Amino acid sequence: MKFTDGYWLLREGVTAAHPVEVLDVTATEGTLEIHAPTQPIRHRGDLLKGPVVTISAHTPMPDVIGVTFTHFEGERPRGPQFELHRAVRGSGGCPPEGHSASQVSYDDEYATLTSGSLTLRLSRTAPWRLDFLSGGRTLTSSGPKGMGIMRDAATGAHYLREQLGLGVGTSVYGLGERFGPLVKNGQVVDVWNADGGTATEQAYKNVPFYLTDAGYGVFVDHPGKVSFEVGSEAVSRVQFSVESQQLKYYVIHGPTPKDILRKYTALTGRPALPPAWSFGLWLSTSFTTSYDEKTVTSFIEGMRERELPLSVFHFDCFWMREFNWCDFRWDPRVFPDPEGMLARLHERGLRVCVWINPYIAQRSPLFAEGKELGHLLRRPDGSVWQWDLWQPGMALVDFTSAAARDWYAGKLEALLAQGVDCFKTDFGERVPVDVAWFDGSDPERMHNYYTYLYNRTVFDVLRKHRGEGEAVVFARSATAGSQKFPVHWGGDCEATYESMAESLRGGLSLGLSGFGYWSHDIGGFEGTPRPALFKRWLAFGLLSSHSRLHGSSSYRVPWLFDEESVDVLRHFTRLKLSLMPYLYEAARTASAEGTPMMRAMVLEFPDDPGCAHLERQYMLGPDLLVAPVFSDEGEVSYYVPEGVWTCFATGATVTGPRWVRERHGFLSVPLLVRPGAVIPVGAVADRPDYDHTDGVTLRAYGLKRGARVTVPVGDVTFTVVREGDTLRASCSDPAAAWALAAGERTARAQAGTGFLSLELG
């Protein structure tokens with residue numbers, strides 16, 4: 001939201017009041033409280049005027065400082081609030097017991113609050129200034145006319161605004177799953193969940209957190225609408241504003257982008273670890289296609305006959321009767337024996353996912369039940385809120401009510417008892433504001449937060465009945481903290497290369513917003529992809545964290561495109577499954593530290609300016625570079641950072657930093673291994689959930705003499721050492737020592753040429 005008309009003027013009808021000096025400072029252990037008038041105090045007559053704002057600072061954990069900017073303190077408390085956590089001591093960046101996490105000091109010139117390596121410094125003399133420093137270096141600042149009370153006379157709206165300085169060359173990332181340019185500089189971003197597809201500025205997953213490559217990130221602690229002007233209204237500042245009497249934000253010091261994500265997710269929650277089986281291939285009925293058990297069986301049998309490993313089968317919306325979404329009952333006309341069908345699918349070694357959403361159509365028997373019990377969202381006059389968009393007469397489940405959550409969860413428990421393994425938690429974005437929530441939550445703040453309550457309810461049911469580590473959803477909407485309930489997918493994309501590229505941008509942006517796992521509809525959702533596009537998307541899809549074949553009005557089984565599509569799907573599925581020892585460790589890291597599996601290049605190489613804007617390639621885990629191909633012809637260009645990188649498929653090497661231009665067939669994609677990496681490759685390529693240590697091969701790439709690399713695989717840690725031209729591998733677990741073959745192999749004569757395999761088992 002813009003308030004100014006150029007540098008000098010305010011927009012018509014807008015008035016502004018900015019803190020200009022410090023009246024007084026109160027310091028207590030771990031906090032500062034500042035009162036600041038919005039006009040200079042020259043004599044006692046100036047003490048009769050307002051506004052006077054209150055600014056408080058505190059630290060929830062080391063390297064994180066929260067700032068709260070308040071105008072009127074008498075505003076009624078407005079829920080909901082984000083669920084924030086203090087890090088457990090000794091982890092997440094916290095100091096050990098007995099070590100002070102924060103220090104407060106002040107004199108006539110400055111008041112400071114220090115948390116770990118981050119310091120907030122308030123200038124007690126004019127001009128007004130808040131600096132955030134680390135190691136004596138200023139990370140960002142709020143200067144004169146940055147923080148402000150902004151009023152719009154035309155609407156009567158009251159906003160609080162902050163502007164934080166944006167240094168020369170600093171790039172901004174994150175703010176949720178956004179499909180425009182990965183670097184957010186110059187963009188206007190409204191954090192307001194919308195069902196807008198992947199081709200617009202709207203987003204399903206809005207997160208009021210941005211990360212920079214300058215050593216810090218900023219989280220705005222407001223679950224409702226936050227308007228960001230990222231170097232747009234003021235080109236050297238990031239501006240954010242809320243319509244409220246209070247604005248709270250946290251500055252998080254890294255110094256690296258990975259450190260920032262680790263501390264941000266310690267504050268807002270770490271992703272749960274999905275089960276290993278969820279990393280295999282998912283196949284869907286698609287959306288509006290016609291299907292019954294015979295259709296499903298033909299798809300699954302076709303996959304088996306063609307030796308295409310399949311892990312999960314997904315039933316989309318029409319497993320329920322039309323106009324009944326949701327009633328959580330199988331349509332008896334096409335699925336007369338759901339328990340028997342699910343048992344038959346399980347006998348084939350498959351998991352089963354079904355589509356759900358948080359809406360109840362008027363025709364559903366649950367509408368009358370939910371209305372009678374008071375579980376449906378109501379208007380202020382007490383009537384049920386309804387509209388005809390998506391499902392005729394549909395209402396929303398009011399997840400602010402514990403009784404409504406239990407009611408909804410009970411319907412899912414019946415499906416789990418039948419044999420369903422997980423749920424695709426679709427929708428949750430179009431949440432109205434002309435409503436009265438059961439718990440009195442503010443409608444504006446609930447709009448984005450609704451998806452958190454919805455997905456938490458579903459995830460908790462799965463965790464309760466399937467066990468810790470076995471819960472997984474396929475969610476579309478999200479907000480800050482929703483990363484705790486994986487997996488998330490990119491929503492409705494088109495069957496075009498442009499949409500494939502925008503999907504990747506969205507996934508990388510989401511990963512830079514604290515989300516560990518991400519997927520997308522292989523081939524695109526809207527429309528039917530050409531065979532060439534489908535094959536290119538297969539490679540990208542199987543080199544993503546999670547992989548699903550899904551469309552809107554057409555099926556996604558590969559033989560409907562051409563026979564080569566079958567070969568491409570087989571090749572990349574088997575490749576992914578063989579990489580599970582490596583990928584599942586990357587998944588563990590996402591859960592333990594908040595580092596996503598699919599990483600924008602800047603996350604791994606923040607000091608390489610060539611990586612700052614890269615959005616058509618990524619790192620899959622710490623050591624594999626992937627560059628999807630976005631053309632039928634197979635032409636692709638990608639950037640290789642410093643060092644000797646190795647092609648995973650051929651062993652050919654390329655030395656960076658440099659740009660590479662290549663042409664690839666459909667069975668190939670740029671997949672390079674980082675210098676000095678050891679990739680554990682599994683002995684199984686037909687399922688993801690196997691013993692990843694049994695028969696594992698350690699493939700060492702360009703290890704320098706004297707190098708020592710630890711390779712965790714499950715509960716076992718291998719150590720690979722290069723001694724001269726010999727590689728030696730040792731194992732941390734004596735019980736697994738049998739897995740080591742000879743224990744050593746002779747390396748190639750020249751370090752960095754290709755790779756060497758140590759086959760264990």
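**Exercise 1.** In this predicted model, determine which residue forms a salt bridge with Arg588, and how Arg588 and its partner are placed in helix α10.

*Solution.* Step 1: the partner is Glu585, with the closest N and O atoms 3.2 Å apart. Step 2: Arg588 and Glu585 both belong to helix α10 (residues 580-593) and are 3 residues apart, so about one helical turn separates them. Step 3: burial is under 20% relative accessible area. Glu585, at 12%, therefore counts as buried, whereas Arg588, at 32%, is partly exposed.

**Exercise 2.** Find which parts of the chain are tied together by the salt bridge of Glu83 and Arg456, and by that of Asp195 and Arg430.

*Solution.* Step 1: the side chains of Glu83 and Arg456 meet at 2.6 Å, N to O. Glu83 sits in the loop between β7 and β8 (102-106) and Arg456 in helix α6 (residues 443-466), so the pair joins parts 373 residues apart in sequence. Step 2: Asp195 and Arg430 meet at 3.7 Å, N to O. Asp195 is in the loop between β16 (188-191) and β17, and Arg430 in the loop between β27 (422-425) and α6; the pair thus ties parts 235 residues apart in sequence. Step 3: Asp195 and Arg430 also belong to a salt-bridge network that includes Asp426, Glu429, Arg476 and Asp492.

**Exercise 3.** Identify which strands stand at the edges of the open sheet of 8 strands.

*Solution.* Step 1: the order is β4-β5-β6-β7-β21-β18-β17-β15, with antiparallel pairing. Step 2: β4 (24-28) and β15 (172-176) each have a single partner strand, so they are the edges. Step 3: inside the order, 5 bridges join β18 to β21, and Val218 stands opposite Val251 in β21.

Note on methods
Residues numbered from 1 in each chain as written. Predicted model: local features only at pLDDT ≥ 70, side-chain atom pairs only at ≥ 80, totals over all residues. Heavy atoms only, no water. Pairing = 2+ DSSP bridges. Helix = DSSP H or I, 4+ residues; strand = E, 2+ residues; numbered from the N terminus. Salt bridge = Lys/Arg side-chain N within 4 Å of Asp/Glu carboxyl O. Buried < 20%, exposed > 50% of the residue type's maximum accessible area, 1.4 Å probe, protein only.
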